[in-house]
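Let's take a friendly walk through this model, beginning at its ligand and moving outward from there. Keep the structure open beside you as you read.

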Amino acid sequence: MKQDMILILDLGSDENTRLAREIRALGVYTEIHPHDISQPQLAALPNVKGIILNGGVNRIVDGVAIDAAPAVYESGLPIWSVDHKGSPALAAEGPEREQAIASFVFDTCRAESNWNMENFIADQVELIRNQVGGRKVLLALSGGVDSSVVAALLIKAIGDQLTCVHVNHGLLRKGEPEQVVQVFRHELGANLVYVDAVDRFLDKLAGVADPEAKRKIIGAEFIRVFEEEARKLEGIEFLAQGTIYPDIIESGTKTVKAVKSHHNVGGLPEDLQFQLVEPLSMLFKDEVRACGVALGLPASMVYRQPFPGPGLGVRCLGAITRDRLEAVRESDAILREEFADNGLEGKVWQYFTAIPDLKSVGVRDGKRADEWAVIIRAVNTIDAMTATVEDVPFALLQKITGRITSEVKGVNRVLFDLTPKPTGTIEFE
Ligand SMILES: Nc1ncnc2c1ncn2[C@@H]1O[C@H](COP(=O)(O)OP(=O)(O)OP(=O)(O)O)[C@@H](O)[C@H]1O
């Protein structure tokens, strides 16, 4: 890493991420570390130009007020105490806050503004080559943002020492498996193993209506398929993962309880011993996207809206049937196409269709037709904890309804979900 770094030590602040992002926005790289970082750990961090002791509400741990280790104070680096041991907190907002941060970073620490994607990619290529040498790396490539950007970065760094495995479990959106093959095999020249596991997944899921049971079956079967493919390949020593910085921050610093454990392709058998390659582990999501763009990935891949791990499986409500799953896939594709054509793509945070296991009476070609109802959901959120419903123009909803009821087999009704979160969650299962 050739770029200057400002180190944020978590001394109980609940705004470490915000501060880290503000400094990165100034073009200076920053990392958040626990309050008790040791001297060797500190010494191992490259190009640290200054340290922020970021205090706050979580400053008491197990009844004791925490402090940084003596090594930090003795490091000789510029130190800024924020809301720690009586020093003032940062202004909540405004030019005063921005100025205080910029003044510490540039005037006190003399950090250079050289954090950008070009430098990041150059650094990572070098780090990956050093870590991997001439050996082989495996990557589970979903076609989602994170694993796609990892794949593009590894192709650049180590080319055909990388093997990507893409599992089509039948629960992906229309066109996605084809796009993965087109972009990675044909355009980027990757070794791509494409596994058609549609029947395997759908057979296992047949008759299973409980959402938790469905998720478990999908997760377990994914590990099984991936493991089988991994065993067929010879001499793989590394597993690459699309772990990103929020995964690491969320798995808990020392002052905050773990939010979720961080692992991606977790649950592989113990005898498949891989070392991990995690080149995005210090990037926030928007930086991951910028990295993908800089590596030449298509915008539709890099800016795709969030998609649940179990895919369309949790939008085909209740026990999945192949015909209803196809209807979810087709109606979702129509919705996405119409949103893109009408300027809503990139504006609305998440939009999709779901189909409950419910038929209602309708009329088709002058005859009674018992068919399904498609539900459209379109929501906006900042943190996914709450969500509001997008005010989709009525004429557009009518156009989409017309298309879905005429183009999607087995669907005679379209409903629009008006429910914010709470009380509804974003997804239905
Ligand atoms: N169909 C698939 N084929 C291959 N790998 C997959 C597939 N689905 C998931 N994975 C692997 O499992 C990881 C975690 O999947 P998850 O659905 O939670 O996505 P994610 O964390 O949002 O990452 P991504 O953006 O890469 O999809 C992915 O990064 C990928 O490595």
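**From the ligand outward**

In this predicted model, the ligand is surrounded by 15 residues, and those that come nearest are Ala-140, Ser-142, Gly-144, Ser-147 and Gly-309. Sorted by class, this shell holds 6 nonpolar, 8 polar and 1 charged residues. Two elements to look for here are helix H6, spanning 145–158, and strand S8, spanning 162–168, as each contributes at least two residues to the shell.

Now step back to the chain as a whole. The domain assignment divides it into domain 1 (5–108), domain 2 (117–302) and domain 3 (321–416). Taken over C-alpha atoms, the centres of domain 1 and domain 2 are 32 Å apart.

Helix H4 covers residues 94–108. From first C-alpha to last, its 15 residues reach 21 Å, close to the 21 Å expected at 1.5 Å a residue. After H4 comes Arg-110, which has a positive phi, near 55°.

Finally, turn to helix H13 (residues 322–341) and helix H14 (residues 394–407). How do their axes meet? They come within 10 Å and cross at roughly 150°, and the crossing is right-handed. On the H13 side, the contact is made by Glu-330, Ser-331, Ile-334, Leu-335 and Glu-338; facing them in H14 are Leu-396, Lys-399, Ile-400, Arg-403, Ile-404 and Glu-407. By class, the residues of this contact between H13 and H14 are 5 nonpolar, 1 polar and 5 charged. A general point helps in reading such lists: an α-helix has 3.6 residues a turn, so residues three or four places apart point the same way.

Conventions. Residues are numbered from 1 along each chain as its sequence is written. This is a predicted model: local features need pLDDT of at least 70, side-chain atom pairs count only at pLDDT 80 or more; totals for chains, interfaces and linings use all residues. A residue is near a molecule or strand if its C-beta atom, placed from the backbone, lies within 6 Å of it. Helices (H or I, at least four residues) and strands (E, at least two) are DSSP runs, numbered from the N terminus. Ala, Val, Leu, Ile, Met, Phe, Trp, Tyr, Cys and Pro count as nonpolar, Asp, Glu, Lys and Arg as charged, and the others, Gly among them, as polar. Axes are lines fitted to C-alpha atoms, for helices over the stretch in contact, and angles run from 0 to 180 degrees between N-to-C directions. A crossing is left-handed if the near helix is turned anticlockwise from the far one by less than a right angle, and right-handed if clockwise. Two residues are in contact if their C-beta atoms, placed from the backbone, lie within 7 Å. Domain bounds come from an automatic or database domain assignment. The expected span of a helix is 1.5 Å times one less than its number of residues.
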